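Please look through the sequence and the structure shown here, and then follow the paragraphs below, which go from charged pairs to two individual residues.

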Amino acid sequence: MNAKPPRATVKKNDSNKWNQSKICSKLWVLTQKSRLDIWVGGSLPGFSGLGASAASSVAIARAIAQELHMKIADEKINQVAYEAEKAYAGNPSGIDNTAATYGGLMWFKKNMAGGQDMVERLSIEAPVEIVIGSTGKVANTKAMVEGVAERKSKNPQKYNAIFQRAEELCYEGRAALEFFSLKKVGDLMNENHRLLQEIEVSSKELDLLVNEARKQGAFGAKLTGGGGGGCMFALTPGKELQSKVSGAIKNLGFEVLSTKIGIEKL
């Protein structure tokens with residue numbers, strides 16, 4: 001089978017660049033069509049740092065499969081989206097495309113030796129309100145990841161200690177979520193943000209939003225994504241607290257998305 005996959009043209013409503021050739025080739029799209037016109041849209045804001053590229057890659061892979069009447073399992077869709085993610089993040093963890101593929105609250109652990117990553121579905125007592133604040137600054141995930149790697153190579157002792165503590169926070173955070181100890185979850189989020197500041201992936205805008213959220217009573221707040229811009233999120237249980245934090249961030253002139261975590265996949 002020597003046929004080449006079709007050239008994919010993508011028309012989007014933002015400035016991100018997409019690599020659909022990876023998706024097409026990974027799906028083994030063999031067709032007489034010379035090109036595919038792919039339109040991506042929706043009502044959700046495309047804030048930087050929330051895995052929008054992974055979500056779009058998953059959606060595009062499923063759309064291509066549906067258009068060509070291909071029955072593709074979620075596991076394969078996830079692999080395809082991961083290949084596309086490499087064009088944006090260089091060496092992605094795989095968590096964004098996995099979350100976009102399967103949905104819901106999950107525990108993800110990358111297999112550093114290669115092979116299957118560990119993905120486990122989590123459940124909590126009840127959905128919890130959160131606030132996402134956007135700095136309005138588009139972050140370059142690949143550059144941020146490469147920057148951390150470079151600084152780590154120059155100061156491995158410092159960075160290894162930080163990464164070790166960050167891993168511990170993940171396990172503590174999982175336990176706190178499962179026991180529904182939301183104050184503890186918030187404290188761990190705050191500590192995680194401090195570690196991210198230490199490895200120089202935060203920014204003045206992110207710190208401003210994180211500090212404002214905490215000032216308004218958020219249980220915890222931290223940056224999300226690769227840093228350098230993009231978004232932060234705050235744990236704000238209850239609609240009243242969520243509204244208070246959301247309003248404060250809006251008053252600073254930033255965009256906000258209010259949502260919940262712990263909602264099962266539809």
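In this predicted model, Glu-178 and Arg-174 both belong to helix 6, which covers residues 156-178, and they are 4 residues apart, or about one turn of the helix. The two residues form a salt bridge in which the closest N and O atoms are 3.2 Å apart. Glu-178 is partly exposed, with a relative accessible area of 41%, whereas Arg-174 has a relative accessibility of 18% and therefore counts as buried, the cut-off being under 20%.

Helix 5, made up of residues 141-154, holds a pair with this kind of spacing, since Glu-150 and Lys-154 both lie in it, 4 residues apart, about one turn of the helix. Their side chains meet in a salt bridge with an N to O distance of 3.4 Å. Glu-150 is partly exposed at a relative accessible area of 44%, while Lys-154, at 64% relative accessibility, counts as exposed.

Which elements does the salt bridge between Arg-62 and Asp-74 tie together? The side chains of these two residues meet at 2.8 Å, N to O. Arg-62 lies in helix 2 (residues 52-67) and Asp-74 in helix 3 (residues 74-89), so the pair ties together parts that are 12 residues apart in sequence. Both partners are partly exposed, Arg-62 at 31% relative accessibility and Asp-74 with a relative accessible area of 29%.

Side chains of opposite charge can pair when their charged atoms come close. Across the whole structure, a search finds 11 salt bridges. Beyond the pairs described above, salt bridges also link Arg-165, Glu-168, Glu-172, Glu-191, Arg-194 and Glu-198 in a network.

Turning from charged pairs to surroundings, Gln-242 is found in helix 9, and with a relative accessibility of 11% this residue counts as buried. Leaving aside residues up to four places away in sequence, Gln-242 touches Glu-129, Ile-130 and Val-131, together with Thr-236, Ser-258 and Thr-259.

Leu-252 lies in the loop that runs between helix 9 (239-251) and strand 8 (255-261). Is this residue, Leu-252, buried or partly exposed? Its relative accessible area is 37%, so Leu-252 is partly exposed. When residues up to four places away in sequence are not counted, Leu-252 touches Leu-208, Leu-209 and Glu-212. Of these contacts, Leu-209 is 43 residues away from Leu-252 in sequence, and their C-alpha atoms are 8.5 Å apart in space.

Key:
Residues are numbered from 1 along each chain as its sequence is written. This is a predicted model: local features need pLDDT of at least 70, side-chain atom pairs count only at pLDDT 80 or more; totals for chains, interfaces and linings use all residues. Side-chain values use heavy atoms; hydrogens and water are left out. Helices (H or I, at least four residues) and strands (E, at least two) are DSSP runs, numbered from the N terminus. Buried means under 20% relative accessible area, exposed over 50%, partly exposed in between (1.4 Å probe, protein chains only). Contact means heavy atoms within 4.5 Å. A salt bridge is a side-chain nitrogen of Lys or Arg within 4 Å of a carboxyl oxygen of Asp or Glu.
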